[in-house]
Amino acid sequence: MPRPVTGTIPAPAQRPSTPHAAAGYRTDPLSKALERQIDDLALMPISEDDALSEGALLVDEADRGEFSPWLISRTISLATQFPTNEQLQYYVGRLLSLSGDTENARLCWRGIVERFPQSYNAFPQYLRTVLNEFGGDIAKEILASHCGSADPAQDPAKALLVARCHSLLGETDEALALLERTHPGTLATEIAIEKAQLHRMAGRFDEALALLEPDEIAAAAPKLASNIQTGVRLFSGCLLY
């Protein structure tokens with residue numbers, strides 16, 4: 001039978017002032033499983049593509065409110081079979097975040113960032129947990145430390161990461177300004193989607209829809225396109241009154 005990961009680490013007696021201030025260097029269930037390099041569920045062999053498909057379905061199930069600890073243990077098992085696959089570890093982080101286990105979620109995102117330092121997906125999630133637990137000042141310090149002094153616009157992956165972090169911190173204009181001066185290279189679709197998201201957040205629905213007009217971009221973000229179109233209809237309705 002699967003062994004569910006309950007994943008709740010007892011909180012320290014005194015709340016730490018920064019993410020690294022707690023005594024010792026605690027690790028999350030995913031990091032521990034990767035260190036052991038064993039599969040607790042003793043799964044039959046599964047392909048990497050099948051593991052990714054299953055992981056996405058498990059996260060979707062939790063997103064619909066059908067959460068159970070088994071979803072975490074199952075996804076950790078998938079991730080340990082393919083330890084170099086960032087997306088599978090990202091699914092574990094999402095599930096820990098959805099579980100409400102704040103500390104383990106933060107520790108998991110931190111571990112993913114350490115294993116995939118070039119990731120533009122995991123670090124914003126880590127920053128989100130820091131922001132929620134420790135506030136904006138600490139989050140900004142960690143962002144500055146992580147990104148260094150180089151201009152992020154010179155590297156589209158770093159620009160995308162920093163833009164997402166600015167957005168989390170409520171700095172929408174800074175995020176857009178950075179992406180506007182970034183040459184997207186191979187991340188043209190991802191950056192267009194991020195810009196559309198930022199325009200949507202600012203209520204600029206026409207600009208957002210224009211960015212999603214190319215078929216390949218609209219196909220990559222159908223839910224965002226639908227949300228923006230709904231916003232346009234609602235906004236247009238308001239103008240009638």
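In what order do the elements of the protein run from the N terminus on? They run α-α-α-α-α-α-α-α-α-α-α-α-α. The model on screen is a predicted one. Colour it by secondary structure, and the count comes to 13 helices and zero strands. Then colour by accessibility: of the 241 residues in the protein, 44% are buried.

**Stop 1: the largest pocket**

Start by selecting Tyr90, Gln125, Arg164, Ile193 and Gln197. The pocket around them is the largest in the model, with a volume of about 1,400 Å³. Its lining has 28 residues, and the five just selected are the closest to its centre.

Next, show the helices that give two or more residues to this lining: H2 (48-63), H4 (86-99), H6 (122-134), H8 (156-168), H10 (188-201) and H13 (222-239). Which of the elements gives the most to the lining of the largest pocket? Helix H10 does, with six residues. Colour the lining by residue class, and it divides into 13 nonpolar, six polar and nine charged residues.

**Stop 2: Tyr90 and Trp109**

Keep Tyr90 selected and add Trp109. The structure has two aromatic pairs. In the pair formed by Tyr90 and Trp109, the ring centres are 5.1 Å apart and the planes stand at 65°, which is over the 60 degrees required, so the pair counts as edge-to-face. Tyr90 belongs to helix H4 and Trp109 to helix H5 (residues 102-115), so the contact ties together parts that are 19 residues apart in sequence.

Are these two rings buried or exposed? Tyr90 has a relative accessibility of 17% and counts as buried, because the cut-off is under 20%. Trp109 is also buried, at 0%.

**Stop 3: Gly111, further along helix H5**

Stay on helix H5 and select Gly111, which is found there. Gly111 is buried, at 6% relative accessibility. Now add Asp28 and draw a distance between the two C-alpha atoms. The separation is 7.9 Å, although the residues are 83 apart along the chain.

**Stop 4: the salt bridges**

The structure holds nine salt bridges. Three of them are visited here.

Begin with Asp60 and Arg64. Their side chains meet in a salt bridge with an N to O distance of 2.5 Å. Asp60 is partly exposed, with a relative accessible area of 36%.

Move on to Asp63 and Arg94. Here the closest N and O atoms of the salt bridge are 3.0 Å apart. Asp63 sits in helix H2 and Arg94 in helix H4, so this pair ties together parts that are 31 residues apart in sequence. Both helices also appeared at the first stop, among the elements giving two or more residues to the pocket lining. Asp63 is partly exposed, at 43% relative accessibility.

For the third, select Arg181 and Asp151, whose side chains form a salt bridge at 3.0 Å, N to O. Arg181 is in the loop between helix H9 (172-180) and H10, while Asp151 is in the loop between helix H7 (136-147) and H8, so the bridge ties together parts that are 30 residues apart in sequence. Asp151 counts as partly exposed, at 33% relative accessibility.

Before leaving the salt bridges, add Glu66 to Asp60 and Arg64. Salt bridges that share partners join these three residues into one network.

**Stop 5: the cysteines**

How many disulfides does a search of the whole structure find? The search finds zero. Select Cys147 and Cys165 to inspect one case. The cysteine sulfur closest to that of Cys147 is in Cys165, at 6.2 Å, which is too far for a bond, because a disulfide needs the sulfur atoms within 2.5 Å. From the other side, the closest cysteine sulfur to Cys165 is that of Cys147. Cys147 is buried, with a relative accessible area of 11%. Cys165 is buried as well, at 0%.

**Stop 6: Pro222**

End at Pro222, which is placed in helix H13. Is Pro222 buried or exposed? Its relative accessibility is 52%, so Pro222 counts as exposed. Add Leu212, ten residues away in sequence, and draw the C-alpha to C-alpha distance, which is 9.3 Å. Helix H13 is also one of the elements giving two or more residues to the lining of the largest pocket.

Note on methods: Residues numbered from 1 in each chain as written. Predicted model: local features only at pLDDT ≥ 70, side-chain atom pairs only at ≥ 80, totals over all residues. Heavy atoms only, no water. 1 Å grid on protein atoms, 1.4 Å probe; cavity = no way out; pocket = protein on both sides within 12 Å on 5 of 7 lines; lining within 4 Å. Points joined across faces, edges and corners; volume = space filled by probe spheres on them. Helix = DSSP H or I, 4+ residues; strand = E, 2+ residues; numbered from the N terminus. Nonpolar A, V, L, I, M, F, W, Y, C, P; charged D, E, K, R; others polar. Phe/Tyr/Trp six-rings, centres within 6.5 Å; stacked < 30°, edge-to-face > 60°. Buried < 20%, exposed > 50% of the residue type's maximum accessible area, 1.4 Å probe, protein only. Salt bridge = Lys/Arg side-chain N within 4 Å of Asp/Glu carboxyl O.
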